[in-house]
Amino acid sequence: MAAGAVDWERFSEWIHCFCIVTFDLEVGQAIERIYPQHAVLSERERTNVCYLAFPDSNSGCMGDTEYHVRLRTAPDQPIHSRNGNHHDTHHQQPANNTESHQEAGHFTGFVYFRQRRAPDLPRGYFQKSFVLLTRLPFLSLFSRICHHAASLYFDEGDKILEAVASSVGQWPKVSPGSVVLPLLGQVFSTVVAEGGGGESDAEGCEKVASSLNEPDALDGLLMLVPHLQLLWELIVTGEPIVVIASSPTDCSDMVNCLSCMIHPLVYSGETRPYFTIHDSEFREFTQCTAGPPSVILGVTNPFFGKTLKDWPHTLRLTDTTSLPLMGTIPRIKSKSTPDGAAGIYSHYKTFLHQEKSVERHILGRSGRPRSVQSALLRRYLLELTQSFLIPLERYITKLMPLMRQVSPFGAPPAPQHFNQEDFVQCLRQAGPQLTTSLRGDWEGLYRRFFRSQNFRQWYEHRHKQLTLALHKLHLQVLARVDLDAWMEGKHEVEVVDMVLKLRQKIAICDKTSSTRSSTNETRNQLEKQLQDIEKRLPEDLRLLLSTNAAANTPPLDSTSGLCL
(Lines give C-alpha, C1' and ligand atoms only; values in the text may rest on other atoms or scores of the structure.)
Protein backbone atom coordinates (compact mmCIF):
# COMPACT_ATOMS: atom_id res chain seq x y z
CA MET A 1 0.00 0.00 0.00
CA ALA A 2 1.31 3.44 -0.86
CA ALA A 3 2.19 5.83 1.96
CA GLY A 4 -0.49 8.26 0.84
CA ALA A 5 -3.19 5.60 1.43
CA VAL A 6 -2.32 5.12 5.11
CA ASP A 7 -5.04 5.94 7.62
CA TRP A 8 -2.89 8.41 9.57
CA GLU A 9 -5.59 9.19 12.08
CA ARG A 10 -5.78 5.54 13.11
CA PHE A 11 -1.99 5.26 13.00
CA SER A 12 -1.65 8.17 15.42
CA GLU A 13 -3.98 6.50 17.92
CA TRP A 14 -1.36 3.80 18.37
CA ILE A 15 1.99 5.35 17.41
CA HIS A 16 3.12 8.97 17.25
CA CYS A 17 6.15 8.42 15.01
CA PHE A 18 9.38 6.56 14.36
CA CYS A 19 12.75 8.28 14.72
CA ILE A 20 15.95 7.05 13.11
CA VAL A 21 18.90 8.41 15.11
CA THR A 22 22.49 8.18 13.92
CA PHE A 23 25.88 9.48 15.03
CA ASP A 24 27.21 12.52 13.17
CA LEU A 25 30.94 13.20 13.51
CA GLU A 26 30.36 16.95 13.72
CA VAL A 27 27.27 17.22 15.98
CA GLY A 28 27.08 13.85 17.72
CA GLN A 29 23.71 12.10 17.89
CA ALA A 30 21.32 13.44 15.26
CA ILE A 31 17.89 12.51 13.95
CA GLU A 32 18.31 11.15 10.45
CA ARG A 33 14.61 10.70 9.78
CA ILE A 34 11.21 11.12 11.39
CA TYR A 35 8.41 9.00 9.96
CA PRO A 36 5.78 10.00 9.13
CA GLN A 37 7.35 13.30 8.17
CA HIS A 38 4.27 15.28 9.22
CA ALA A 39 4.59 14.08 12.84
CA VAL A 40 5.19 17.03 15.16
CA LEU A 41 8.13 17.04 17.58
CA SER A 42 9.30 20.18 19.34
CA GLU A 43 12.98 21.09 19.34
CA ARG A 44 13.25 20.03 22.98
CA GLU A 45 11.66 16.67 22.21
CA ARG A 46 14.01 16.12 19.27
CA THR A 47 17.02 16.86 21.45
CA ASN A 48 15.85 14.52 24.19
CA VAL A 49 15.18 11.73 21.69
CA CYS A 50 18.69 12.11 20.27
CA TYR A 51 20.39 11.63 23.63
CA LEU A 52 18.03 8.95 24.92
CA ALA A 53 18.46 6.93 21.72
CA PHE A 54 22.09 6.03 22.49
CA PRO A 55 23.52 4.39 25.62
CA ASP A 56 25.55 6.81 27.75
CA SER A 57 28.60 4.64 27.31
CA ASN A 58 28.24 2.49 24.22
CA SER A 59 31.72 0.96 24.32
CA GLY A 60 30.30 -2.15 25.98
CA CYS A 61 27.09 -2.23 23.94
CA MET A 62 28.32 -4.13 20.90
CA GLY A 63 25.46 -5.70 19.00
CA ASP A 64 21.82 -4.83 19.67
CA THR A 65 20.57 -3.09 22.81
CA GLU A 66 16.88 -2.65 23.60
CA TYR A 67 15.29 -0.53 26.31
CA HIS A 68 12.47 1.94 26.89
CA VAL A 69 12.46 5.62 27.86
CA ARG A 70 9.96 8.26 28.93
CA LEU A 71 10.12 11.93 28.01
CA ARG A 72 7.96 14.96 28.52
CA THR A 73 6.08 16.47 25.62
CA ALA A 74 5.54 20.10 24.67
CA PRO A 75 2.83 21.48 27.00
CA ASP A 76 1.27 23.83 24.45
CA GLN A 77 0.06 21.24 21.94
CA PRO A 78 -2.98 19.01 22.54
CA ILE A 79 -2.79 15.30 21.82
CA HIS A 80 -5.02 15.35 18.78
CA SER A 81 -3.00 18.03 16.95
CA ARG A 82 0.42 16.48 17.35
CA ASN A 83 0.25 13.81 14.70
CA GLY A 84 -1.54 14.70 11.53
CA ASN A 85 -1.23 14.29 7.81
CA HIS A 86 -1.56 16.48 4.78
CA HIS A 87 -5.35 16.34 4.96
CA ASP A 88 -7.81 17.79 7.42
CA THR A 89 -8.36 14.49 9.19
CA HIS A 90 -5.44 14.97 11.54
CA HIS A 91 -7.22 17.86 13.25
CA GLN A 92 -10.07 15.65 14.36
CA GLN A 93 -10.41 14.75 18.03
CA PRO A 94 -9.65 11.11 18.77
CA ALA A 95 -12.26 8.96 20.40
CA ASN A 96 -12.63 9.29 24.15
CA ASN A 97 -11.46 5.71 24.63
CA THR A 98 -8.17 6.54 22.93
CA GLU A 99 -7.53 9.64 24.99
CA SER A 100 -8.34 7.81 28.21
CA HIS A 101 -5.39 5.48 27.58
CA GLN A 102 -2.95 8.10 26.29
CA GLU A 103 -0.57 9.97 28.56
CA ALA A 104 -1.18 13.65 27.93
CA GLY A 105 2.20 14.89 29.12
CA HIS A 106 4.63 12.16 28.10
CA PHE A 107 5.85 9.99 25.29
CA THR A 108 6.98 6.45 25.97
CA GLY A 109 9.85 5.58 23.67
CA PHE A 110 11.12 2.14 22.69
CA VAL A 111 14.73 2.05 21.54
CA TYR A 112 16.54 -0.53 19.44
CA PHE A 113 20.22 0.50 19.27
CA ARG A 114 22.64 -1.30 16.97
CA GLN A 115 26.42 -1.02 17.13
CA ARG A 116 28.63 -3.05 14.81
CA ARG A 117 32.25 -2.87 13.79
CA ALA A 118 32.57 -1.23 10.37
CA PRO A 119 36.20 -0.57 9.31
CA ASP A 120 35.01 1.29 6.21
CA LEU A 121 33.32 4.00 8.33
CA PRO A 122 35.30 6.97 9.74
CA ARG A 123 34.93 5.95 13.40
CA GLY A 124 35.19 2.24 12.69
CA TYR A 125 31.66 1.54 13.95
CA PHE A 126 28.14 1.51 12.63
CA GLN A 127 25.87 3.16 15.24
CA LYS A 128 22.17 3.77 14.72
CA SER A 129 18.95 3.62 16.74
CA PHE A 130 15.39 2.83 15.75
CA VAL A 131 12.99 4.63 18.12
CA LEU A 132 9.22 4.14 18.39
CA LEU A 133 7.35 6.97 20.15
CA THR A 134 3.83 6.51 21.49
CA ARG A 135 1.54 8.01 24.10
CA LEU A 136 0.20 4.59 25.05
CA PRO A 137 2.07 3.09 28.04
CA PHE A 138 1.64 -0.51 26.83
CA LEU A 139 5.13 -1.63 27.65
CA SER A 140 5.16 -5.31 26.72
CA LEU A 141 3.20 -4.78 23.53
CA PHE A 142 5.33 -2.01 22.08
CA SER A 143 8.61 -3.60 23.20
CA ARG A 144 7.79 -6.56 20.99
CA ILE A 145 6.47 -4.41 18.17
CA CYS A 146 9.64 -2.29 18.22
CA HIS A 147 11.87 -5.37 18.25
CA HIS A 148 10.06 -6.87 15.27
CA ALA A 149 9.92 -3.66 13.22
CA ALA A 150 13.49 -2.56 14.02
CA SER A 151 14.98 -5.94 13.12
CA LEU A 152 13.33 -5.75 9.72
CA TYR A 153 14.30 -2.09 9.29
CA PHE A 154 18.00 -2.78 9.75
CA ASP A 155 17.77 -5.57 7.19
CA GLU A 156 15.55 -3.92 4.56
CA GLY A 157 15.69 -0.15 5.10
CA ASP A 158 13.13 2.65 4.87
CA LYS A 159 10.47 0.66 3.04
CA ILE A 160 9.76 -1.13 6.32
CA LEU A 161 8.57 2.15 7.84
CA GLU A 162 5.96 2.51 5.13
CA ALA A 163 4.89 -1.11 5.53
CA VAL A 164 4.54 -0.71 9.30
CA ALA A 165 2.48 2.46 8.87
CA SER A 166 0.19 0.71 6.40
CA SER A 167 -0.41 -2.17 8.84
CA VAL A 168 -0.94 0.05 11.89
CA GLY A 169 -3.39 2.21 9.92
CA GLN A 170 -5.61 -0.86 9.58
CA TRP A 171 -5.58 -1.76 13.28
CA PRO A 172 -8.80 -1.38 15.29
CA LYS A 173 -9.42 1.66 17.46
CA VAL A 174 -7.79 1.79 20.86
CA SER A 175 -10.71 0.77 23.04
CA PRO A 176 -11.32 -1.63 25.94
CA GLY A 177 -11.39 -5.26 24.96
CA SER A 178 -9.35 -7.87 23.17
CA VAL A 179 -7.54 -6.71 20.05
CA VAL A 180 -5.56 -8.58 17.39
CA LEU A 181 -2.80 -6.58 15.70
CA PRO A 182 -1.18 -8.02 12.54
CA LEU A 183 2.23 -6.58 11.69
CA LEU A 184 4.62 -7.68 8.94
CA GLY A 185 4.10 -11.42 9.19
CA GLN A 186 3.42 -11.60 12.92
CA VAL A 187 0.21 -11.19 14.89
CA PHE A 188 0.21 -9.58 18.32
CA SER A 189 -2.78 -9.79 20.61
CA THR A 190 -3.58 -8.02 23.82
CA VAL A 191 -6.40 -6.83 26.01
CA VAL A 192 -6.85 -3.08 26.37
CA ALA A 193 -8.62 -2.27 29.60
CA GLU A 194 -8.94 0.62 32.00
CA GLY A 195 -6.63 0.30 35.00
CA GLY A 196 -4.81 -2.83 33.92
CA GLY A 197 -4.01 -5.27 31.15
CA GLY A 198 -4.53 -8.89 30.39
CA GLU A 199 -3.93 -11.50 27.76
CA SER A 200 -5.93 -12.39 24.71
CA ASP A 201 -7.07 -15.90 24.07
CA ALA A 202 -6.62 -15.49 20.32
CA GLU A 203 -4.95 -18.68 19.17
CA GLY A 204 -1.67 -18.34 17.32
CA CYS A 205 -1.08 -14.78 18.48
CA GLU A 206 1.69 -13.45 20.67
CA LYS A 207 0.16 -12.61 24.03
CA VAL A 208 1.36 -9.51 25.83
CA ALA A 209 0.28 -7.48 28.84
CA SER A 210 -1.23 -4.17 27.86
CA SER A 211 -0.47 -1.78 30.71
CA LEU A 212 2.65 -0.23 32.13
CA ASN A 213 1.22 -0.82 35.60
CA GLU A 214 0.48 -4.51 35.10
CA PRO A 215 3.31 -6.48 36.76
CA ASP A 216 3.72 -8.98 33.94
CA ALA A 217 7.45 -9.34 34.60
CA LEU A 218 8.94 -8.76 38.03
CA ASP A 219 11.91 -11.08 37.65
CA GLY A 220 14.31 -8.23 38.35
CA LEU A 221 13.07 -8.08 41.94
CA LEU A 222 13.98 -11.69 42.73
CA MET A 223 17.51 -10.65 43.72
CA LEU A 224 15.96 -8.12 46.13
CA VAL A 225 13.51 -10.38 47.97
CA PRO A 226 15.07 -9.74 51.43
CA HIS A 227 14.29 -6.04 50.93
CA LEU A 228 10.77 -6.26 49.50
CA GLN A 229 9.18 -4.47 52.45
CA LEU A 230 11.69 -1.61 52.22
CA LEU A 231 11.23 -1.17 48.48
CA TRP A 232 7.44 -1.54 48.65
CA GLU A 233 7.16 1.18 51.29
CA LEU A 234 9.47 3.49 49.35
CA ILE A 235 7.28 3.11 46.26
CA VAL A 236 3.89 3.33 48.00
CA THR A 237 4.92 6.54 49.80
CA GLY A 238 6.45 8.09 46.66
CA GLU A 239 10.03 8.35 47.91
CA PRO A 240 12.68 9.45 45.35
CA ILE A 241 14.84 6.54 44.15
CA VAL A 242 17.76 6.44 41.75
CA VAL A 243 18.65 3.17 40.04
CA ILE A 244 22.27 3.00 38.87
CA ALA A 245 23.07 0.24 36.38
CA SER A 246 25.65 -0.52 33.75
CA SER A 247 23.25 -0.51 30.81
CA PRO A 248 19.98 1.25 29.87
CA THR A 249 18.34 -2.16 29.52
CA ASP A 250 19.01 -3.02 33.16
CA CYS A 251 18.02 0.34 34.62
CA SER A 252 14.84 0.69 32.52
CA ASP A 253 13.72 -2.83 33.43
CA MET A 254 14.33 -2.20 37.13
CA VAL A 255 12.51 1.14 37.11
CA ASN A 256 9.52 -0.62 35.58
CA CYS A 257 9.71 -3.41 38.17
CA LEU A 258 9.74 -0.90 41.02
CA SER A 259 6.82 1.12 39.68
CA CYS A 260 4.81 -2.11 39.29
CA MET A 261 5.39 -3.28 42.87
CA ILE A 262 2.25 -1.60 44.23
CA HIS A 263 -0.15 -2.82 41.54
CA PRO A 264 -3.18 -2.42 41.46
CA LEU A 265 -2.41 0.94 43.11
CA VAL A 266 -1.03 3.19 40.38
CA TYR A 267 2.38 4.74 41.01
CA SER A 268 1.81 8.46 40.44
CA GLY A 269 5.31 9.90 40.66
CA GLU A 270 7.59 10.49 37.71
CA THR A 271 9.39 7.52 36.19
CA ARG A 272 12.41 7.95 33.97
CA PRO A 273 13.51 4.45 32.97
CA TYR A 274 16.66 5.85 31.37
CA PHE A 275 17.92 9.35 32.12
CA THR A 276 21.00 11.22 30.86
CA ILE A 277 22.88 14.36 31.84
CA HIS A 278 21.63 15.96 28.61
CA ASP A 279 17.95 15.59 29.49
CA SER A 280 16.00 18.86 29.49
CA GLU A 281 14.80 18.09 33.07
CA PHE A 282 18.32 17.43 34.38
CA ARG A 283 18.37 20.53 36.61
CA GLU A 284 14.82 19.97 37.81
CA PHE A 285 15.60 16.48 39.08
CA THR A 286 19.14 16.98 40.34
CA GLN A 287 19.19 20.54 41.71
CA CYS A 288 15.79 20.95 43.36
CA THR A 289 16.22 23.20 46.41
CA ALA A 290 13.22 21.60 48.16
CA GLY A 291 14.82 18.17 47.91
CA PRO A 292 14.50 15.40 45.32
CA PRO A 293 11.04 15.12 43.71
CA SER A 294 8.93 11.97 43.74
CA VAL A 295 10.62 10.12 40.91
CA ILE A 296 12.25 6.79 40.08
CA LEU A 297 15.30 7.63 38.01
CA GLY A 298 17.25 5.09 35.96
CA VAL A 299 20.83 6.09 35.06
CA THR A 300 24.02 4.53 33.75
CA ASN A 301 26.51 7.41 33.74
CA PRO A 302 28.91 7.14 36.75
CA PHE A 303 28.63 10.93 37.01
CA PHE A 304 25.23 10.48 38.68
CA GLY A 305 26.84 8.58 41.54
CA LYS A 306 28.36 11.88 42.70
CA THR A 307 25.67 14.26 41.47
CA LEU A 308 22.91 12.38 43.30
CA LYS A 309 24.93 11.42 46.36
CA ASP A 310 22.46 13.28 48.58
CA TRP A 311 19.44 11.38 47.32
CA PRO A 312 17.96 9.38 50.20
CA HIS A 313 17.60 6.06 48.34
CA THR A 314 19.93 4.52 45.76
CA LEU A 315 19.70 1.08 44.21
CA ARG A 316 22.99 0.17 42.56
CA LEU A 317 22.97 -2.86 40.28
CA THR A 318 25.90 -4.84 38.96
CA ASP A 319 26.41 -5.88 35.36
CA THR A 320 23.78 -8.43 34.33
CA THR A 321 26.58 -10.70 33.14
CA SER A 322 27.84 -10.99 36.72
CA LEU A 323 24.67 -10.64 38.77
CA PRO A 324 24.86 -12.19 42.23
CA LEU A 325 22.65 -15.05 43.26
CA MET A 326 19.03 -14.11 43.76
CA GLY A 327 18.42 -12.43 47.08
CA THR A 328 22.03 -11.50 47.76
CA ILE A 329 22.11 -7.76 46.94
CA PRO A 330 22.74 -6.22 50.37
CA ARG A 331 21.21 -3.22 52.07
CA ILE A 332 23.87 -0.64 52.97
CA LYS A 333 23.06 2.16 55.40
CA SER A 334 26.27 4.03 54.61
CA LYS A 335 27.27 5.59 51.29
CA SER A 336 30.99 5.36 51.97
CA THR A 337 31.37 2.05 50.14
CA PRO A 338 33.53 1.90 46.99
CA ASP A 339 31.94 3.05 43.74
CA GLY A 340 30.25 0.26 41.85
CA ALA A 341 29.38 -1.90 44.87
CA ALA A 342 25.91 -3.36 44.36
CA GLY A 343 23.42 -2.62 47.09
CA ILE A 344 20.46 -0.64 48.38
CA TYR A 345 21.74 2.55 49.97
CA SER A 346 19.08 3.93 52.31
CA HIS A 347 18.60 5.03 55.93
CA TYR A 348 14.82 4.50 55.70
CA LYS A 349 13.28 2.65 58.63
CA THR A 350 10.33 0.56 57.56
CA PHE A 351 7.00 0.95 59.34
CA LEU A 352 6.23 -2.76 58.90
CA HIS A 353 8.37 -5.77 59.67
CA GLN A 354 8.94 -8.20 56.83
CA GLU A 355 8.43 -11.77 57.96
CA LYS A 356 11.49 -13.97 57.85
CA SER A 357 9.56 -16.67 56.01
CA VAL A 358 8.95 -14.47 52.94
CA GLU A 359 12.33 -15.18 51.37
CA ARG A 360 11.98 -18.91 51.90
CA HIS A 361 8.38 -18.85 50.64
CA ILE A 362 9.24 -17.08 47.37
CA LEU A 363 12.70 -18.39 46.53
CA GLY A 364 12.38 -21.83 48.10
CA ARG A 365 15.22 -24.25 47.94
CA SER A 366 17.69 -24.25 45.08
CA GLY A 367 16.24 -25.59 41.90
CA ARG A 368 12.80 -23.96 42.09
CA PRO A 369 11.96 -22.73 38.56
CA ARG A 370 12.35 -18.99 38.07
CA SER A 371 8.83 -18.75 36.63
CA VAL A 372 7.42 -20.18 39.87
CA GLN A 373 9.47 -17.74 41.95
CA SER A 374 8.22 -14.86 39.82
CA ALA A 375 4.59 -15.97 40.21
CA LEU A 376 4.95 -16.26 43.99
CA LEU A 377 6.61 -12.85 44.16
CA ARG A 378 3.82 -11.30 42.10
CA ARG A 379 1.18 -12.88 44.33
CA TYR A 380 2.92 -11.75 47.52
CA LEU A 381 3.13 -8.13 46.36
CA LEU A 382 -0.47 -8.16 45.13
CA GLU A 383 -1.76 -9.46 48.47
CA LEU A 384 0.33 -6.91 50.36
CA THR A 385 -1.04 -4.01 48.32
CA GLN A 386 -4.59 -5.30 48.55
CA SER A 387 -4.30 -5.55 52.34
CA PHE A 388 -3.17 -1.94 52.32
CA LEU A 389 -6.02 -0.81 50.05
CA ILE A 390 -8.93 -2.69 51.61
CA PRO A 391 -9.28 -0.36 54.65
CA LEU A 392 -9.11 2.66 52.32
CA GLU A 393 -11.78 1.21 50.03
CA ARG A 394 -13.96 0.24 52.98
CA TYR A 395 -13.75 3.76 54.40
CA ILE A 396 -14.34 5.60 51.14
CA THR A 397 -17.56 3.69 50.46
CA LYS A 398 -18.89 5.18 53.70
CA LEU A 399 -18.54 8.62 52.13
CA MET A 400 -21.50 7.93 49.84
CA PRO A 401 -24.70 9.80 50.83
CA LEU A 402 -27.71 7.79 51.91
CA MET A 403 -30.25 6.80 49.28
CA ARG A 404 -32.87 9.08 50.77
CA GLN A 405 -30.59 12.06 50.12
CA VAL A 406 -30.83 11.55 46.36
CA SER A 407 -33.72 13.74 45.22
CA PRO A 408 -34.97 13.60 41.62
CA PHE A 409 -35.86 17.32 41.77
CA GLY A 410 -32.51 18.64 42.99
CA ALA A 411 -28.88 18.35 41.98
CA PRO A 412 -27.07 15.04 42.55
CA PRO A 413 -25.50 14.96 46.03
CA ALA A 414 -21.71 14.95 46.39
CA PRO A 415 -19.62 12.42 48.34
CA GLN A 416 -18.35 13.46 51.74
CA HIS A 417 -14.72 14.51 52.05
CA PHE A 418 -12.01 12.08 53.12
CA ASN A 419 -11.12 12.75 56.77
CA GLN A 420 -7.71 11.31 57.59
CA GLU A 421 -8.26 11.29 61.34
CA ASP A 422 -11.58 9.46 60.98
CA PHE A 423 -9.87 6.89 58.79
CA VAL A 424 -7.07 6.35 61.32
CA GLN A 425 -9.67 5.74 64.03
CA CYS A 426 -11.24 3.05 61.85
CA LEU A 427 -7.94 1.15 61.60
CA ARG A 428 -8.26 -0.22 65.12
CA GLN A 429 -11.35 -2.26 64.28
CA ALA A 430 -11.04 -2.68 60.51
CA GLY A 431 -7.37 -2.30 59.62
CA PRO A 432 -4.99 -4.44 57.54
CA GLN A 433 -4.55 -6.84 60.47
CA LEU A 434 -7.75 -8.51 59.27
CA THR A 435 -6.15 -9.63 55.99
CA THR A 436 -2.40 -9.89 56.64
CA SER A 437 -0.11 -11.15 59.38
CA LEU A 438 2.35 -8.28 58.84
CA ARG A 439 2.86 -6.30 62.01
CA GLY A 440 4.15 -2.81 62.60
CA ASP A 441 3.11 0.82 62.57
CA TRP A 442 0.30 0.76 60.02
CA GLU A 443 -0.98 4.12 61.20
CA GLY A 444 2.40 5.76 60.60
CA LEU A 445 2.59 4.21 57.12
CA TYR A 446 -0.85 5.52 56.18
CA ARG A 447 -0.01 9.00 57.45
CA ARG A 448 3.10 9.03 55.27
CA PHE A 449 1.06 7.72 52.34
CA PHE A 450 -1.41 10.60 52.78
CA ARG A 451 1.42 13.04 52.01
CA SER A 452 2.26 11.36 48.72
CA GLN A 453 1.10 11.92 45.16
CA ASN A 454 0.01 8.27 45.12
CA PHE A 455 -2.71 9.02 47.66
CA ARG A 456 -3.81 12.21 45.93
CA GLN A 457 -4.25 10.49 42.59
CA TRP A 458 -5.96 7.45 44.14
CA TYR A 459 -8.37 9.68 46.06
CA GLU A 460 -9.16 11.90 43.05
CA HIS A 461 -9.88 8.81 40.98
CA ARG A 462 -12.11 7.21 43.62
CA HIS A 463 -13.89 10.49 44.39
CA LYS A 464 -14.63 10.85 40.69
CA GLN A 465 -16.00 7.30 40.58
CA LEU A 466 -18.25 7.99 43.56
CA THR A 467 -19.48 11.20 41.95
CA LEU A 468 -20.31 9.37 38.74
CA ALA A 469 -22.11 6.64 40.66
CA LEU A 470 -24.23 9.31 42.35
CA HIS A 471 -25.05 10.91 39.00
CA LYS A 472 -26.11 7.52 37.66
CA LEU A 473 -28.25 6.93 40.75
CA HIS A 474 -29.77 10.39 40.37
CA LEU A 475 -30.79 9.58 36.79
CA GLN A 476 -32.36 6.31 37.89
CA VAL A 477 -34.35 8.04 40.63
CA LEU A 478 -35.52 10.70 38.18
CA ALA A 479 -36.53 8.01 35.68
CA ARG A 480 -38.74 6.24 38.26
CA VAL A 481 -40.34 9.16 40.11
CA ASP A 482 -44.10 9.74 39.76
CA LEU A 483 -44.10 12.95 37.71
CA ASP A 484 -47.88 12.89 37.31
CA ALA A 485 -48.26 13.45 41.04
CA TRP A 486 -45.47 16.04 40.99
CA MET A 487 -47.19 18.08 38.26
CA GLU A 488 -50.30 18.67 40.35
CA GLY A 489 -50.45 22.36 41.20
CA LYS A 490 -47.22 23.23 39.38
CA HIS A 491 -46.92 26.37 37.25
CA GLU A 492 -46.17 26.00 33.54
CA VAL A 493 -42.69 27.45 33.99
CA GLU A 494 -41.84 24.67 36.47
CA VAL A 495 -43.15 22.03 34.09
CA VAL A 496 -41.14 23.51 31.21
CA ASP A 497 -38.03 23.43 33.39
CA MET A 498 -38.63 19.74 34.01
CA VAL A 499 -39.07 19.10 30.27
CA LEU A 500 -35.75 20.80 29.54
CA LYS A 501 -34.10 18.88 32.38
CA LEU A 502 -35.34 15.53 31.06
CA ARG A 503 -34.14 16.39 27.55
CA GLN A 504 -30.72 17.22 28.90
CA LYS A 505 -30.54 13.95 30.83
CA ILE A 506 -31.61 12.00 27.74
CA ALA A 507 -28.91 13.79 25.73
CA ILE A 508 -26.40 12.76 28.38
CA CYS A 509 -27.50 9.15 28.05
CA ASP A 510 -27.10 9.36 24.27
CA LYS A 511 -23.64 10.92 24.55
CA THR A 512 -22.51 8.20 26.95
CA SER A 513 -24.27 5.36 25.22
CA SER A 514 -23.48 1.95 26.62
CA THR A 515 -24.33 -1.64 25.85
CA ARG A 516 -25.34 -2.20 29.46
CA SER A 517 -29.04 -2.97 29.80
CA SER A 518 -29.36 -0.81 32.93
CA THR A 519 -28.21 2.25 30.98
CA ASN A 520 -30.62 1.63 28.12
CA GLU A 521 -33.45 0.99 30.55
CA THR A 522 -32.82 4.31 32.33
CA ARG A 523 -32.76 6.17 29.03
CA ASN A 524 -36.04 4.59 27.92
CA GLN A 525 -37.70 5.44 31.21
CA LEU A 526 -36.58 9.07 30.94
CA GLU A 527 -37.96 9.20 27.39
CA LYS A 528 -41.32 7.89 28.62
CA GLN A 529 -41.37 10.45 31.44
CA LEU A 530 -40.75 13.21 28.89
CA GLN A 531 -43.52 12.01 26.57
CA ASP A 532 -46.01 11.79 29.44
CA ILE A 533 -45.30 15.37 30.54
CA GLU A 534 -45.41 16.78 27.01
CA LYS A 535 -48.85 15.20 26.44
CA ARG A 536 -50.23 17.24 29.31
CA LEU A 537 -48.90 20.56 28.03
CA PRO A 538 -51.02 22.98 25.93
CA GLU A 539 -50.60 22.35 22.21
CA ASP A 540 -49.01 25.74 21.48
CA LEU A 541 -46.44 25.29 24.24
CA ARG A 542 -45.73 21.73 23.14
CA LEU A 543 -45.17 22.96 19.57
CA LEU A 544 -42.85 25.71 20.78
CA LEU A 545 -40.76 23.25 22.84
CA SER A 546 -40.56 20.85 19.90
CA THR A 547 -39.32 23.63 17.63
CA ASN A 548 -36.68 24.67 20.16
CA ALA A 549 -35.61 21.05 20.66
CA ALA A 550 -34.99 20.67 16.93
CA ALA A 551 -32.92 23.85 16.78
CA ASN A 552 -30.89 23.45 19.96
CA THR A 553 -29.04 20.62 21.65
CA PRO A 554 -29.02 20.93 25.44
CA PRO A 555 -25.49 21.48 26.78
CA LEU A 556 -23.91 18.76 28.85
CA ASP A 557 -22.82 19.48 32.37
CA SER A 558 -19.24 19.00 33.58
CA THR A 559 -19.76 15.35 34.51
CA SER A 560 -22.01 14.37 31.65
CA GLY A 561 -19.37 12.47 29.76
CA LEU A 562 -18.93 10.08 32.64
CA CYS A 563 -22.21 9.78 34.44
CA LEU A 564 -23.22 6.43 33.05
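Student: In this predicted model, which residues of helix 4 meet helix 5?

Tutor: To read a helix pair, list who touches whom on each side. Here A149, L152, Y153 and E156 in helix 4 meet K159, I160, L161 and V164 in helix 5. Sorted by class, that contact has six nonpolar, no polar and two charged residues.

Student: At what angle do helix 4 and helix 5 cross?

Tutor: Roughly 145 degrees, with the axes of helix 4 (residues 139–156) and helix 5 (residues 159–168) coming within 8 Å.

Student: Is helix 5 largely enclosed or open, and why?

Tutor: Count its buried residues. Seven of the ten in helix 5 are buried, so the rest of the structure largely encloses this helix. The buried ones are I160, L161, V164, A165, S166, S167 and V168.

Student: What do those buried residues of helix 5 pack against?

Tutor: Quite a list: helix 1 (8–14), helix 4, strand 1 (17–24), strand 2 (28–35), strand 5 (125–134) and strand 6 (177–183).

Student: Let's try another helix pair. How do helix 11 and helix 13 pack?

Tutor: Check the angle and the axis distance together. Helix 11 (residues 370–397) packs with helix 13 (residues 442–450) at about 75 degrees, and their axes are 12 Å apart. That makes the two helices roughly perpendicular.

Student: Which residues make that contact?

Tutor: From helix 11 you get S387, F388, P391 and L392; they meet W442, L445, Y446, F449 and F450 in helix 13. The contact divides into eight nonpolar residues, one polar and no charged.

Student: Now sheets. In what order do the six strands of the open sheet run?

Tutor: The general idea is that strands of a sheet pair through backbone hydrogen bonds, either parallel or antiparallel. In this case the order is 11-12-10-13-15-14, and the pairing is mixed. Strand 11 (270–272) and strand 14 (331–332) are the edge strands, each pairing on one side only.

Student: How does strand 10 pair with strand 12 and with strand 13?

Tutor: Take one neighbour at a time. With strand 12 (residues 295–299), strand 10 pairs in the parallel sense over four bridges, and I241 stands opposite I296. With strand 13 (residues 313–316), strand 10 also runs parallel, joined by three bridges; there V242 stands opposite T314.

Student: Where does the antiparallel pairing of strand 13 come in?

Tutor: Look at strand 15 (residues 343–346): four bridges join strand 13 to it, and the two run antiparallel. One pair to find on screen is L315 with its bridge partner I344 in strand 15.

Student: Which helices lie on these strands?

Tutor: Look for helices touching several strands, then check direction. Helix 6 (residues 228–236) lies across strands 10, 12, 13, 14 and 15, running at about 55 degrees to strand 15. Helix 7 (residues 248–260) packs on the sheet too, touching strands 10, 11, 12 and 13, and its direction makes about 160 degrees with that of strand 12.

Student: Are the side chains of strand 10 (residues 241–244) buried or exposed, and which way do they point?

Tutor: Follow the alternation along the strand. I241 and V243 point one way, V242 and I244 the other, and all are buried.

Student: Zooming out, how many helices and strands does the chain have?

Tutor: There are 18 helices and 17 strands. Of the 564 residues in the chain, 51% are buried. For contacts with a separation of 6 or more, 72% come from residues 24 or more positions apart.

Student: And what about the surface?

Tutor: The chain exposes about 26400 Å², with carbon and sulfur atoms supplying 51% of it.

Note on methods
Residues numbered from 1 in each chain as written. Predicted model: local features only at pLDDT ≥ 70, side-chain atom pairs only at ≥ 80, totals over all residues. Heavy atoms only, no water. Axes fitted to C-alpha atoms, helices over the stretch in contact; angles between N-to-C directions. Parallel < 35°, antiparallel > 145°, perpendicular 65-115°, else oblique. Contact = heavy atoms within 4.5 Å. Nonpolar A, V, L, I, M, F, W, Y, C, P; charged D, E, K, R; others polar. Buried < 20%, exposed > 50% of the residue type's maximum accessible area, 1.4 Å probe, protein only. Pairing = 2+ DSSP bridges. Areas by Shrake-Rupley, 256 points an atom, 1.4 Å probe, with all protein chains shown as cover.
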